[in-house]
Amino acid sequence: DRGVLCNYSTWLDRGWCRAEMWCKVLSEASDIPMIVLESEDKAEFLFPFNWNRKAAHEGDFTVEADRRAVSEMSRKALLGKLSSTATAADGGQLAHYRYFAACQEGFTGQPLGRRSAQEFLSYFRFPSLADA
């Protein structure tokens with residue numbers, strides 16, 4: 001314990017806490033709200049709407065080596081989400097897949113990938129350039 005105030009705002013600053021939020025958002029139970037305890041007799045339910053602005057690997061870490069571990073964990077969680085949304089039949093899930101695919105590198109701290117037009121269409125699951 002570092003003797004600092006811990007609340008939802010400071011929780012969002014910490015890398016491992018962000019990783020917890022990311023795993024929740026990317027899980028199959030992402031539609032279930034999170035519970036934030038404000039005190040021993042006050043709890044609130046919330047959906048982490050700003051999760052995409054709080055990349056886990058960009059959080060604060062006491063042990064700097066943990067940043068790489070969290071980045072890898074985020075990458076695996078995101079790959080799981082991509083896998084589950086890529087195979088869904090409805091268009092809404094395909095839109096989710098495309099969103100997560102487009103943000104994958106930034107969300108996990110990887111360098112941006114360069115794709116040819118054909119690789120782009122394949123990666124984002126567009127049948128043709130006209131559909132993109």
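**Exercise 1. A salt bridge and its exposure**

Which side chain meets that of Glu 64 in a salt bridge? Name the partner in this predicted model, then classify both residues by exposure.

*Solution.* Step 1: the side chain of Glu 64 meets that of Arg 67, at 2.5 Å from N to O. Step 2: the class of partly exposed lies between 20% and 50% relative accessible area. Step 3: Glu 64 has 48% relative accessibility and therefore counts as partly exposed. Arg 67, with a relative accessible area of 25%, is also partly exposed.

**Exercise 2. A link between distant parts of the chain**

Determine which elements are joined by the salt bridge of Arg 115 with Glu 105, and state whether each residue is buried or partly exposed.

*Solution.* Step 1: the closest N and O atoms of Arg 115 and Glu 105 are 3.2 Å apart. Step 2: Arg 115 belongs to the loop between α4 and α5 (117-123), whereas Glu 105 lies in helix α4; the two residues are 10 residues apart, and the pair links distant parts of the chain. Step 3: Arg 115 has 31% relative accessibility and so counts as partly exposed. Glu 105, with a relative accessible area of 8%, is buried, because buried means under 20%.

**Exercise 3. The largest nonpolar core**

Describe the composition of the largest nonpolar core and the surroundings of Phe 100.

*Solution.* Step 1: this core has 25 residues, and those with the most contacts inside it are Met 21, Trp 22, Trp 51 and Phe 100. Step 2: at least two residues come from each of α2, α3 and α4, and α2 gives the most, with six. Step 3: leaving aside residues up to four places away in sequence, Phe 100 touches Leu 26, Trp 51, Leu 78, Lys 81, Leu 82 and Phe 107.

**Exercise 4. Two pockets**

Set out the volume, lining and principal contributor of the largest and second largest pockets.

*Solution.* Step 1: the largest pocket has a volume of about 360 Å³. Its lining has 17 residues, of which Val 25, Ser 30, Lys 81, His 96 and Phe 100 are the closest to the centre. Helix α4 gives the most to this lining, with four residues. By type, the lining divides into seven nonpolar, seven polar and three charged residues.

Step 2: the second largest pocket has a volume of about 290 Å³. Residues that line this pocket include Cys 6, Trp 11, Met 21 and Leu 37. The largest share, five residues, comes from β1. This lining divides into eight nonpolar, one polar and three charged residues.

Note on methods: Residues are numbered from 1 along each chain as its sequence is written. This is a predicted model: local features need pLDDT of at least 70, side-chain atom pairs count only at pLDDT 80 or more; totals for chains, interfaces and linings use all residues. Side-chain values use heavy atoms; hydrogens and water are left out. On a 1 Å grid over the protein atoms alone, a cavity is a set of points where a 1.4 Å probe fits but cannot get out, and a pocket is an open set with protein on both sides within 12 Å along at least five of seven lines; lining residues have an atom within 4 Å of a point. Grid points are joined across faces, edges and corners, and a volume is the space filled by probe spheres set on the points. Ala, Val, Leu, Ile, Met, Phe, Trp, Tyr, Cys and Pro count as nonpolar, Asp, Glu, Lys and Arg as charged, and the others, Gly among them, as polar. A nonpolar core is a set of buried Ala, Val, Leu, Ile, Met, Phe, Trp, Tyr and Cys residues joined through side-chain atoms within 4.5 Å. Buried means under 20% relative accessible area, exposed over 50%, partly exposed in between (1.4 Å probe, protein chains only). Contact means heavy atoms within 4.5 Å. A salt bridge is a side-chain nitrogen of Lys or Arg within 4 Å of a carboxyl oxygen of Asp or Glu.
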